Number of protein chains: 2
Amino acid sequence: MRMGRPDAASGASTTIGSALYELATRAVRRLPRDMSLTSAATLATLDRTGPRRITELAVIEGVTQPAMSVLVRVMEESGLVERRSDTSDKRVTLVCLTEAGASYVRERRQAGVQAYAGLIDRLPGDEIEALTAALPALLHLAALESQDREGPKP
Amino acid sequence: MRMGRPDAASGASTTIGSALYELATRAVRRLPRDMSLTSAATLATLDRTGPRRITELAVIEGVTQPAMSVLVRVMEESGLVERRSDTSDKRVTLVCLTEAGASYVRERRQAGVQAYAGLIDRLPGDEIEALTAALPALLHLAALESQDREGPKP
DNA sequence: GGAGATGCATAAAGACTTAATATAAATGCT
DNA sequence: AGCATTTATATTAAGTCTTTATGCATCTCC
């Protein structure tokens, strides 16, 4: 199947990619602004993957180490994360989500999902059905996206 | 059809919304950082809708008027936009995309689309087919998203 | 005509980021 | 074992981006 993939399919990925790009870039403008996107993304990463080093988080989120160091300090002061030392390496700080942090991630995700759901509810039934059928593909894309940046779950 | 929509469909919009939320929030971490997201979004808005007032752009992009005023000045200095007065109202500055600005939007969009396409190319054929079938729905969602913020094209 | 509203520029302050730097700990080579 | 090199992280300074506050010009409406 993969061998005989025609060029038309490669055109399809560009067209689909275009639709997803438009959707994503516009959706990001609606995200809450109570904290920076990097902060929110970091919390979501911790929620997904569990505790991480500061340097790992910096790489995953695409910022410098000092930025992540400061970000973690601010979020620690806000009670959203806590620091733990790593017994196997005294240099290392492991960043862990607190219950308040996990709660924040859930609420933020819920609000974001609801916003999408509101739009989807305005679609005709056949379009909703098509999206439902495409759900595994969308989830697969999201998973590929994460794995590329986060690597396997530790 | 709409009359008899069962509750299961409303659960579907939440599930689909969840997948789209995960995808969008992770994709945003990969966007180029040569300018702020607000700047890039503003250029894209101008590309889509044509010239706009500074106050309109501020509302559309969810920032304050002074932020947009400064942003426009910086982008004007970079040659990405130009200002035009409005003959019918001397207070008004219309912000217009330059050719360089339009070019930048295209290149940035192209890069974003390519990144998605790269992921999509790693999906099995049946998932790609499902996404292709869902394309009208995705485009419809993107359109709804824009209209909610931008109103009709002027 | 004048009060009130609107559009936008400017300044100050705060948040978020990068680059530079310093210290401690770990690793690897001889 | 000793030491050079690398790695992890905190801190500082500077630049960018945003909000709040303010001021001036223009428009609208009574």
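So, which element gives the most to the surface near DNA strand C? In this predicted model, that is α4(B), which supplies four residues. Other elements join in: at least two residues each come from α4 (65-77) and β3 (89-97) of chain A, and from α3 (54-61), α4 (65-77) and β3 (89-97) of chain B.

Let's look at that surface as a whole. DNA strand C is surrounded by 21 residues, and by class they are seven nonpolar, seven polar and seven charged. If you'd like to click along, the closest ones are T38(A) and T64(A) from chain A, with S69(B), R83(B) and T93(B) from chain B. Sugar and phosphate make up 65% of the strand C atoms that come within 4 Å of the protein.

Now for some individual atom pairs at the phosphates of DNA strand C. T55(B) has a polar side-chain atom 2.8 Å from a phosphate oxygen of the strand. For R53(B), a polar side-chain atom is 3.3 Å from a phosphate oxygen. With T93(B), the backbone takes that role: one of its N or O atoms is 2.8 Å from a phosphate oxygen.

And how do the two protein chains relate? A turn of 180 degrees with a shift of 0.0 Å along the axis lays chain B on chain A, at an RMSD of 0.1 Å. So what we have here is the relation of a two-fold axis. Within chain B, A24(B) has the C-alpha nearest that axis, 2.3 Å away. Both copies use the same surface, too: 100% of chain B's contact residues recur in chain A.

Thanks, everyone, and over to you for questions!

Notes
Residues numbered from 1 in each chain as written. Chains lettered and ligands numbered in written order. Predicted model: local features only at pLDDT ≥ 70, side-chain atom pairs only at ≥ 80, totals over all residues. Heavy atoms only, no water. Near = heavy atom within 4 Å. Polar contact = N/O pair within 3.5 Å; in protein donor to acceptor, adjacent residues only side chain to side chain. Nonpolar A, V, L, I, M, F, W, Y, C, P; charged D, E, K, R; others polar. Least-squares fit on C-alpha atoms with pLDDT ≥ 70 in both. Contact = heavy atoms within 4.5 Å.
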